[in-house]
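Good morning, and thank you for coming. Please take a moment with the sequence and the model before I begin.

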Amino acid sequence: MTLQAANDYSRLVFDENAALVGPDGATLVTTIAASGATDLFVMSHGWGNQAADAENLYAAMFPLIDAALPNAAGAAYLGVFWPSIWFPDAPAGQSAEVASAVAAGAPGQADAVQSGAEIATALAVSLPAHADALHTMGALIDAGVAAVDSGAPTDHDAALGTFHSLFQSVFATPQQATEDSGESHLINTADPRTAYAAVSEAMGSAPPAADTQGLGDVFGTIWNGAKDALRVGSYYTMKGRAGTIGAQGLGPFLTRLHQAAPGLRVHLIGHSFGARLVSYSLAGIPSAAASPIASVTLVQGAFSHWCFTEAAQNPFGSAGGLCGVTDRVHGPYAATFTSADWAVGVWYPKASCLAGQDAQDYEGPGRWAGMGSDGYQGVSPTAALTLPLGAGTQLDAGTFYDVDANAVITDTSQSSFAGAHSDIRHPEVAALIAAAATA
């Protein structure tokens, strides 16, 4: 079942609750088991609510992987589709200005040039059940900003209270592991005025001090923070959804597949929040013996780099959310990182640290940093690799590889907000996936 064309792969489609959509899982398990494949490459896309975006990614990556394998005769491919949420870029006319601000550590500048209504409309596509609440939140933001600009008498606290109640109802997430629970403070706060001002300052959308007085009211900063929170809220939802679909959807599917085809080796590949999805599928596999996973490759993963960490190595003082299931992988782990990824390197830690727990006395890798910024942390054994890989590079089973992709994943022009986060369609990345699969 060698991949011969861009569309020659199976599709595994989940809804937001991890239920399979379309062909039932039993039929797909039977089809794959009967194919005679020896290796199945399973890839999950990251953000982007359009199925066409995922199709384009798989159509590009699967042929590259196929070409990189030393023997592709037994390879088959499976693309995971899930309803992720779009983080809209700034308007085209503002892209250069926003790119400069984000690269300088102020991702909130992407929000400052958009209205609350524009952000709400973009998010409503992937959160249709909350469309009315989102549009109300967008309208509250725009009315608040307009009132600050005009100096019109307004009960900002009452409007902010309404906004925050809606924020809590729309973006409440399931309980997360400690390293992934940064949103809890913002969602649960009883002091939205202080909280949203802090969000604005953290994200870099707060007006400069010289402008604040001209706006006539501290609520200029607070409503900017509410706008930031509206975008960041979608990140919280996407993060929680990826973990749920991985643990409750993909993991059980792979367990059934292993029962039907015990000799099939499965190689997990995830990009962005898709890296969290495939990683959390390990939590949905009941034991090492029940697992078909032969390798894991995370490409610019947008989730905590402490996720696999043992308690003794974790600045949170507790084991990472997936520490106890690392034995589900019978081969190597690999994770790429690059400084050109602004999504993971700039906005991810800012969005994740809103619990106000920065551990100032901790002098190590960032407490709230993401996998795509520096790879796995607090795990062993570890090893370092650099893309492109040298000829004949061999990976070892049971080892966590931090893979420097600074020479390959570089194109920050792809997004004024995310930088090179999605610049992953390279033969060098495919070669890493193939090397992990043939460890």
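Let me start with one residue: does Val299 count as buried or exposed? Before I answer, please bear in mind that this is a predicted model.

Val299 lies in strand E6, which runs over residues 293-299. Its relative accessibility is 1%, and the cut-off for a buried residue is under 20%. Val299 therefore counts as buried. Its contacts, leaving aside residues up to four places away in sequence, are Ile269, Gly270, His271, Ser272, Thr336, Ile409, Ile424 and Val429. By contrast, Gly284 is 15 residues from Val299 along the chain, and the two C-alpha atoms are separated by 21 Å.

I turn now to the chain as a whole. Its secondary structure consists of 15 helices and nine strands. Of the 439 residues, 56% are buried. How does the radius of gyration compare with that of a compact globule? For 439 residues such a globule would have a value near 22 Å, and the chain has 22 Å, so the two agree. The C-alpha trace spans about 70 × 45 × 40 Å along its principal axes. Among contacts with a separation of 6 or more, 78% are between residues 24 or more positions apart.

As to the surface, the accessible area of the chain is about 15,800 Å², and carbon and sulfur atoms contribute 52% of it. The chain carries 13 positive and 38 negative charges, and the mean positions of the two sets lie 6 Å apart.

Next, two of the helices. Helix H3 comprises residues 95-103, and its buried residues are Val98, Ala99, Ala101 and Val102. Why do these residues lie on the same side of H3? They cover an arc of only 165° around the axis, which puts them there. The face turned away from that buried side carries Ala96 and Ser100, which are exposed. The packing partners of the buried residues of H3 are helix H4, residues 109-112, and helix H13, residues 342-352. After H3 comes Gly105, with a positive phi near 100°.

Helix H4 appears again in the surroundings of helix H5. H5 spans residues 116-124, and Gly116, Ile119, Ala120, Ala122, Leu123 and Ala124 are buried in it. The cover over these buried residues includes H4, together with helix H6, residues 131-150, and helix H11, residues 219-260.

To close, I return to the opening question: Val299, at 1% relative accessibility, counts as buried. Thank you for your attention.

Definitions and conventions:
Residues numbered from 1 in each chain as written. Predicted model: local features only at pLDDT ≥ 70, side-chain atom pairs only at ≥ 80, totals over all residues. Heavy atoms only, no water. Buried < 20%, exposed > 50% of the residue type's maximum accessible area, 1.4 Å probe, protein only. Helix = DSSP H or I, 4+ residues; strand = E, 2+ residues; numbered from the N terminus. Arc of directions from axis to C-beta. Contact = heavy atoms within 4.5 Å. Rg over C-alpha atoms; globule rule 2.2 N^0.38 Å. Areas by Shrake-Rupley, 256 points an atom, 1.4 Å probe, with all protein chains shown as cover. Lys, Arg positive; Asp, Glu negative; His and termini not counted. Charge placed at Lys NZ, Arg CZ, Asp CG, Glu CD.
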